[in-house]
Amino acid sequence: MPAPVIYYIRHGETSWNAEGRLQGVQDIPLNDLGRRQAAAAGNILLDLFARDGRDQSSLAFVASPLIRARATMELVRSELKLPPAGYALDDRLREIGYGQWEGSTLPEMQVADPDLYAKRQTEKWTVSPPGGESYVDVQDRMQDWYASLRGDTVAVAHGGTARALMVVLGIETPLSAADLTIEQGAVYVFRDGGLQKYS
């Protein structure tokens, strides 16, 4: 069986994104720009499906359980003229947990714990914040999620899970993926061992 095609969308912007705060597993809703980004991603997906001759009803749709991802998925599905609620949730797609750092900005974390902050700057993939996860943890659950796919899939999740999936699929290394910007309002298509971004 050929490897599944994944149409991957990062959730739209939230107020915490705009303020540079680490959200992790905190349930922060989309802001106005985030809702526009989600709709834009839906329109990009519509164009991709038309170009590729895809029947969108034949695809699986799955989202992270966090509200920013669910709201993005529902706006995407509305643009596709699909029932907003017709998708699955998968906890493996939740964002990387930042533990005690959630709600903080990077400068605040640097002041609060300069030694751990400095260590994480050079070993971002393996070092976890207090009470949080490392990217190795996220990579493990994204590997598990990818192995469970049974067909082409539209997924709405997070920047951290996108980076981990790129490493799982050999598209990036932990070093190159650690600081990659994952754009909101774009569609990342994982296909045939490669990755293409549409925005």
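These legends describe five close-up views of a predicted model.

**View 1. Arg-141 in helix 6.**
Arg-141 sits within helix 6, which covers residues 135-148. Its relative accessibility is 9%, so Arg-141 counts as buried, the cut-off for buried being under 20%. The Arg-141 side chain reaches the backbone oxygen of Glu-95, at 3.3 Å. Glu-95 is also among the contacts of Arg-141 that remain once neighbours within four places in sequence are left aside. Asp-91, Arg-92, Leu-93, Arg-94 and Ile-96 are on that list too. Glu-133 and Thr-161 complete the set. Thr-161 is itself one of the buried residues of helix 7.

**View 2. The largest pocket and its lining.**
The largest pocket has a volume of about 530 Å³. Its lining consists of 26 residues. Nearest the centre lie Arg-10, Arg-21, Leu-22, Tyr-98 and Arg-163. Three helices give two or more residues each to this lining: helix 4 (106-112), helix 5 (114-122) and helix 7 (159-168). Helix 7 supplies the largest share, three residues. By residue class, the lining of the largest pocket holds eight nonpolar, 10 polar and eight charged residues.

**View 3. Helix 7 and what covers it.**
How many residues of helix 7 are buried? The count is 10 of 10, and helix 7 is mostly covered. The buried residues begin with Gly-159, Gly-160, Thr-161, Ala-162 and Arg-163. Ala-164, Leu-165, Met-166, Val-167 and Val-168 are buried as well. Arg-163 is also one of the residues nearest the centre of the largest pocket. Which elements cover the buried residues of helix 7? The cover includes three strands from View 4, namely strand 1, strand 5 and strand 6. It also includes strand 4 (153-157), helix 6 and helix 8 (174-177). Just after helix 7 comes Gly-170, with a positive phi of about 75°.

**View 4. Strand 5 between its partners.**
Strand 5 spans residues 187-191. Four of its five residues are buried, so strand 5 is largely enclosed by the rest of the structure. Strand 5 pairs with strand 1 (residues 6-10) in the antiparallel sense, over three bridges. Strand 5 also pairs with strand 6, again antiparallel, over five bridges. Val-189 can be followed through both pairings. Toward strand 1, Val-189 is the bridge partner of Tyr-7. Toward strand 6, Val-189 has Gln-196 as its bridge partner. At another position, Arg-191 stands opposite Gly-194 of strand 6. Strand 5 and strand 6 form a hairpin, with two residues between them. In that turn, Asp-192 has a positive phi of about 55°. In a regular strand, side chains alternate between the two faces of the sheet.

**View 5. Ser-199 after strand 6.**
Ser-199 belongs to the segment that follows strand 6 (194-198). Is Ser-199 buried or exposed? Its relative accessibility is 63%, so Ser-199 counts as exposed, the cut-off for exposed being over 50%. Ser-199 still touches Ile-44, Glu-183 and Ala-186, with residues up to four places away in sequence not counted. Leu-45 gives a further reference point for this view. Ser-199 and Leu-45 stand 154 residues apart in sequence. In space, their C-alpha atoms are 9.8 Å apart.

Technical notes
Residues numbered from 1 in each chain as written. Predicted model: local features only at pLDDT ≥ 70, side-chain atom pairs only at ≥ 80, totals over all residues. Heavy atoms only, no water. Buried < 20%, exposed > 50% of the residue type's maximum accessible area, 1.4 Å probe, protein only. Polar contact = N/O pair within 3.5 Å; in protein donor to acceptor, adjacent residues only side chain to side chain. Contact = heavy atoms within 4.5 Å. 1 Å grid on protein atoms, 1.4 Å probe; cavity = no way out; pocket = protein on both sides within 12 Å on 5 of 7 lines; lining within 4 Å. Points joined across faces, edges and corners; volume = space filled by probe spheres on them. Nonpolar A, V, L, I, M, F, W, Y, C, P; charged D, E, K, R; others polar. Pairing = 2+ DSSP bridges.
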